[in-house]
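Q: I have a structure open and would like to learn how to read its features. Please take them one at a time.

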Amino acid sequence: MTNWRTFDFVSNSQLAVVGTSLDLEIWNIHTGKKERTIEISPVEHRMQMLGVSKNGRFVSFNAAQSHLGVYDLKLNQTLFCAPILPHGTGVSAIPWNDEGSLLGLACNDRNIRVLNLPLIRQQLAKLNLDWN
């Protein structure tokens, strides 16, 4: 694994997610081989932090100080990547709850934010922007 910036294990598997400067990589720990690269474009950013949900389905990532994204490993797609952190100070941790429905943000401005993904999906569905 080279050019990495952040890293986390996928629960109950032989996989790890590595954040590089511009994308995510899925590595098989047992074989030591990269299984796939996930491009996070079109946002030009530098990956700063990532977290894998405890159920192993979602990867959250923070990039460019204010961008937060979520990638679905089961659907093999980016659910969203948007500048939703208005303070622009970045995050120091991105923990998930056990079910993968709540995403916490420990922000560098000493605030903690909790995102309720089912509620966000309901709001996006009203705008025809849900990720199904």
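**Charged pairs and cores**

A: Start with one pair: the side chains of Asp72 and Arg57 form a salt bridge, with 2.8 Å from N to O. Keep in mind that this is a predicted model.

Q: Which parts of the chain does the pair of Asp72 and Arg57 tie together?

A: Asp72 belongs to strand β7 and Arg57 to the loop between β5 and β6, so the salt bridge ties together parts 15 residues apart in sequence.

Q: Is Asp72 buried or exposed?

A: The cut-off for buried is under 20% relative accessible area. Asp72 has 1%, so this residue is buried. Its partner Arg57, at 27%, is partly exposed.

Q: What else surrounds Asp72?

A: Leaving aside residues up to four places away in sequence, Asp72 touches Arg57, Phe58, Gln77 and Leu79. A polar atom of the Asp72 side chain also lies 2.8 Å from the backbone nitrogen of Lys74. Strand β7, where Asp72 is found, covers residues 67-72.

Q: How should I think about salt bridges, and how many does the whole structure have?

A: Side chains of opposite charge can pair when their charged atoms come close. A search of the whole structure finds four salt bridges. One of them joins Asp98 and Lys54, at 3.3 Å from N to O. Asp98 sits in the loop between β9 and β10, and Lys54 in the loop between β5 and β6, so this pair ties together parts 44 residues apart in sequence.

Q: Is Asp98 buried or exposed?

A: Asp98 is exposed, with a relative accessibility of 51%. Lys54, at 46%, counts as partly exposed.

Q: Which side chain does Asp109 meet in a salt bridge?

A: Asp109 pairs with Arg113, and the N to O distance is 3.7 Å. Asp109 is partly exposed at 26%, and Arg113 is partly exposed at 27%.

Q: What about nonpolar side chains?

A: In soluble globular proteins, nonpolar side chains tend to be buried together. Here the largest nonpolar core has 14 residues, of which Val70, Leu103 and Leu105 touch the most other members. The elements giving two or more residues to this core are β7, β8 and β10. The largest share, three residues, comes from β10.

Q: How many residues are in the other core that lies apart from it?

A: That core has 13 residues, including Val17, Ile40, Met47 and Leu73.

Conventions:
Residues numbered from 1 in each chain as written. Predicted model: local features only at pLDDT ≥ 70, side-chain atom pairs only at ≥ 80, totals over all residues. Heavy atoms only, no water. Helix = DSSP H or I, 4+ residues; strand = E, 2+ residues; numbered from the N terminus. Polar contact = N/O pair within 3.5 Å; in protein donor to acceptor, adjacent residues only side chain to side chain. Contact = heavy atoms within 4.5 Å. Core = buried A, V, L, I, M, F, W, Y, C linked by side-chain atoms within 4.5 Å. Buried < 20%, exposed > 50% of the residue type's maximum accessible area, 1.4 Å probe, protein only.
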